[in-house]
Amino acid sequence: MALLEVEDLRTYFKTREGEVRAVDGVSFSLEHSKMLGIVGESGCGKSVTVLSIMGLVQTPGRVVGGSAVFQGRDLVQLKGRELEDVRGHEIGMIFQDPMTSLNPTLTIGTQLTETLRRHLGMNKDQARKRAVELLEEVHIPNAARRLDDYPHRYSGGMRQRVMIAIAISCNPKLLIADEPTTALDVTVQAGVLDLLHELRSIHEMGVIIITHDMGVVAETADDIIVMYAGQIVEQATALDLFDRPEHPYTEALLEALPQVEGEGIREGRLRSISGRPPDLLDPPPACRFAPRCAYAGQDDCATVPPDLREIRPGHWVRSSHPTSERAAAPVGAR
Amino acid sequence: MLKFIIRRVAWTIPVILLVIFMTFLMMRQIKGNPFQVTERAVNEATQRTLDRKFHLDQPWYIQYAYYVKGVFTANLGPSLVQRDRDVNDVIKDHFPVSLKLGGLAMLWAVLVGIPLGIIAALKQNTKLDYAVMAVVNAGYALPNFLIATVLIYLFAVKWREHTPFPTNGWGGWETWVLPAAALGHAPMTFFARIVRGSMLETLQQDYIRTAKAKGLRWRRVVGLHVLRNSLIPAVTAAAPLLGFLITGSFIVEFVFGIPGIGRYFVNSVTARDYSVTMGITILLSMIIIFANLLVDILYGYLDPRTRDVRT
Amino acid sequence: MSKRFLWAALVGALAVTAIAGSSTAMTGKTDGSNAAQVLKMSIGSEPPSLDPGLATDTTSSNIILNIMDPLVKLGKPPALNAVPAAAASWKIRGAVVTLNLRKSVRWTNGQPVTAKDYVYGWLRTISPELGADYAYQFEGIKGAKEYTACDPKKADCNALRARVGVKAVGKYTLRVTLVSPQPWFIQQISHHSFLPQHKATIDRYGSKWTEPQNIVTNGPFKLASWKHDASITLVKNTKWRNAKSVKLIRVEHQIIVDATTAENAFSAKNIDVQTTGVASVNIPKWKKTRYWKTFKALGTYYYGFNTKNIPDANQRRAMAISIDRSQIVKYITKSGQIPAKGFTPIGIAGGPSILSQSTMPATAQLSKAKAALAKARNPKRSIRLYHNNAPNHVKIATAVQNFWKQLGLDVTIRPMEWKQYLQFLGPPPNADVDVYRLGWIYDFPDAYNGLVLWKCDSGNNNTNWCNRKFDSLIDKATRTPNTAKRIALYKQAENILTGPQGQLPIMPIYYYAFNMLQRENVKGFVENPTGQWDLAKVSIR
Ligand SMILES: Nc1ncnc2c1ncn2[C@@H]1O[C@H](COP(=O)(O)OP(=O)(O)OP(=O)(O)O)[C@@H](O)[C@H]1O
Ligand SMILES: [Mg+2]
């Protein structure tokens, strides 16, 4: 059985202007100890997808449909208290901005130990001892002394390490990292990523990592999901996806990457695709990528929504003209 | 921190000297004879005697010197109008009353206002929120003498058979409730609004999402993570407010017939009772200075970031 | 510092604040039917002083006079004759008054009250050291004025004191020598400033001698407690010479400054007698109840003219008679005031006779007023009217402004804060003043006490008006013991002020009244025309 099985997840925001379909029928599954990468442009619904799984969507958002079965239990259906028992205990989560993700008025120690005491029933001393170990595990120097510091005395990279320490403190089965390095200085990004991989293998966690940065997931993720406008447009193993991208959007993403081998790849960002992502208040009626797609117009993809189909075993794509089915070069220029 | 407190306390000395000086000058600017109470003219001989007795026949700087000396020897001098009382007596008798009234009003404001603000914020955009905020906003606009009058009419006159509250006076707990509520009302609504606002803002913060993602019980998320941060603006406002409540309660004191210092203060100005006016002014400015000091200290505890900046 | 500690500290601090302070005023409610002889009443202010030498106001006076035994009391109005009290009898020979004190009068510490206690008290009150406002009451006594004016640096005050005409000529005999035979003196000593004072207590406690734990008194009640600005409790003095006749065993005064608050306390039955006053808007409501009581006062509410600015008496007359006094008392003051006929209150001994020719009309005489104004040489048509700022003064000034408008005068109203106002009025008044308002409440029940204000050198004559004939009439009155003759002199003086040919430096508006609310079970609570009440005569049914 998969560790996490997400099925047709839908999360809508009821705003004054109308209903924003931020996540619109997302399905995927994650096996134990595997790593899943979710990539896509800003605003395509990556964060909302994982927040929906965690039950952390804020009003006016609401999960309106679908399921997220984690170890046999549908998290979407869980009541508040049961969900609280799962969060931080069996699923750990790390956020994008370490500068704002820690409570500025509480010591690092407090913020670390409260999870331990809450979920593992430790007493104050046990929790403190464990907290020191955790800080050492995430390579914070002088861990014991720094336990009583407030977050403002920690640098950004250190704070993200603390966040990681908190997330893994209860030995979760699943770690969700929502753009863990985006807000960090380039010089510390690699360190944090390396730490994540190191811990993942030690603790045998399943990991979902969200990123703008294809490079981040290229070498490490097992599977990759590409999201566009609230939907999955392509899903495959990392190798297959990088080797033979099928969706025109994925192609564009990869083209936008500087083709440099090694470390340099990580600096590539998904920013240079022309056109803007659609307004989720009023998305294009059929294929949501159509307005930006170089191949749209050849068929009815602008009127009949394409399905997510398995183009070859383990490789899913939502497009009427995936690469492997395209004969000729694109007609229209970009 | 200690160094910081000592430095702040030391700073109050020149501030108080300035307060004395300014009050002194201003009191001399207001015309009026402290010794003439009714239209009956004061005997010339009597006037001369009194001026001599209270040094009013001396140049102003001599009077000022007398006064400063008095302040620093904790003797604020005799009242010019209530001739058998000293300013020290007046303060000793009436300040504790105002302190208690202000403290109770503050307690009322905190104990009612903060929970109301929290409830409204947690139930944002529900009927409960609208109801609470409607009451709070309507109440904010009402001046406290009006509230006092309505409270007295309802609880002490109309329903007097069913409530223990007297119309006026100051004694047991039953005499405290209505005045504290009347005086505490405005700060109560103030707390409710400020706490609601900052709660809503805090609830949106990333670290609250973190706290939730950690699986903390909702009680702890709100009670520790949200509240601690939301209370910073409330605390910042609270201490000067306490000063204001102690010093600004004279209307409520008038309406409820409470022998507090506020009433005395106002009366002393109309009576030109210089020594009483100045004595109370100095006392009240000290309270406000102290209240601000308290805010800074409290603020430091609530928001650790500021601590590093200053020490 | 943990959050819990922070809260504990905050709550703790507030709790300490709440518990701190030691006042435990009495505020219990009375159950309407008060079998016990306990009177609960409100008074309108904290008595500024309970020292007979220093007190100057009626609130203090009424407390003092009920814990002390004055030499004489005033009888029934309008005569208000002196009735023996602590003095059993007296003899008047020209300017010398000899008082025989009752031997039964005792201080609360058991010592007898002797003539020496009076000599000490009076001399203390007029001494240059004390600076008592009411030293002026003693000016009729030989040598008193000189002693009060003594500057210890420039003169031998002890010698001046020895010359003051107050002597103990026996243990119980007090002899007073006046500068002239002032026939009202025997009534005047009903005033609290003529009470005896207990030297040993004053020497021992200084300015704190009037506190309940220190004070030594000699009257029907004792000062049991004085919570400043909150309450004053008197208890019956069972050792008083006439304690048998005193019904009340306790009198609780609540100090309530605000009229509405006092009305509420009365409505809630927390007090039986409400002397604080009633808010103007509520007067009609209370008047309809049986609680409302009105007592005539010896006092006059008047407007004064700055005769430098309005020199022609014709104009002053025009202004004085164009005012509708009955409308003012009916629609503005509303509580038992009477339109003034002249300056002397009608209720004073001989009042009707003194005022028989006075010309202030109750209703406006507009055509006569216009005629008078026409006779005025160079009348001042733009008038600046000053008053001290209080609701009723504003309303009256506005009414007067309208009355004078009909005369073609343009009136600007200038309200001022009380103390600044008093200073502004001088005398002499600020040149900007054309008309001002003031009032006068009599300290003793003789027309002299009011008319003397209008002498040239009077400290209360803010009109710039000076009339030698008037002055000589007033001076002559001080030497005229015969009541009928004296009243004739007052009539002449009053005519100079408000008679048909009068000079009208002032225009009286109405005579004051005292008001209070009394529950029906209170018996014998009356306020005499000088504002005094005698609790020894009050009982609860
Ligand atoms: N509170 C909200 N109210 C209305 N719409 C919202 C709200 N939060 C998110 N959305 C919508 O959901 C969409 C997806 O947001 P989400 O935060 O998941 O994007 P993302 O893919 O994580 O982008 P990024 O890379 O910038 O983090 C957004 O386009 C936005 O329109
Ligand atoms: Mg995101």
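How do the residues of the shell around ligand 1 divide into nonpolar, polar and charged? The shell holds 6 nonpolar, 6 polar and 3 charged residues. Here Ala, Val, Leu, Ile, Met, Phe, Trp, Tyr, Cys and Pro count as nonpolar, Asp, Glu, Lys and Arg as charged, and the others, Gly among them, as polar.

This is a predicted model, in which local features need pLDDT of at least 70, side-chain atom pairs count only at pLDDT 80 or more, and totals for chains, interfaces and linings use all residues. Residues are numbered from 1 along each chain, chains are lettered from A and ligands numbered from 1 in the order written, and side-chain values use heavy atoms, without hydrogens and water.

**Ligand 1**

In total, 15 residues surround ligand 1 (a heavy atom within 4 Å). Among the closest are V48(A) and S47(A). Three polar contacts (N or O pairs within 3.5 Å) are tabulated.

| Ligand 1 atom | Partner | Distance |
|---|---|---|
| oxygen | S42(A), side-chain N or O | 2.4 Å |
| oxygen | G43(A), polar backbone atom | 2.7 Å |
| oxygen | H212(A), side-chain N or O | 2.7 Å |

Alone, ligand 1 exposes 630 Å²; the protein buries 68% of that. Areas use the Shrake-Rupley method with a 1.4 Å probe. Helix 1 of chain A gives the most to the shell, with 3 residues. Strand 1 (4-15) and strand 2 (18-30) of chain A each supply at least two. Helices (H or I, at least four residues) and strands (E, at least two) are DSSP runs, numbered from the N terminus.

Note on methods. Polar contact = N/O pair within 3.5 Å; in protein donor to acceptor, adjacent residues only side chain to side chain.
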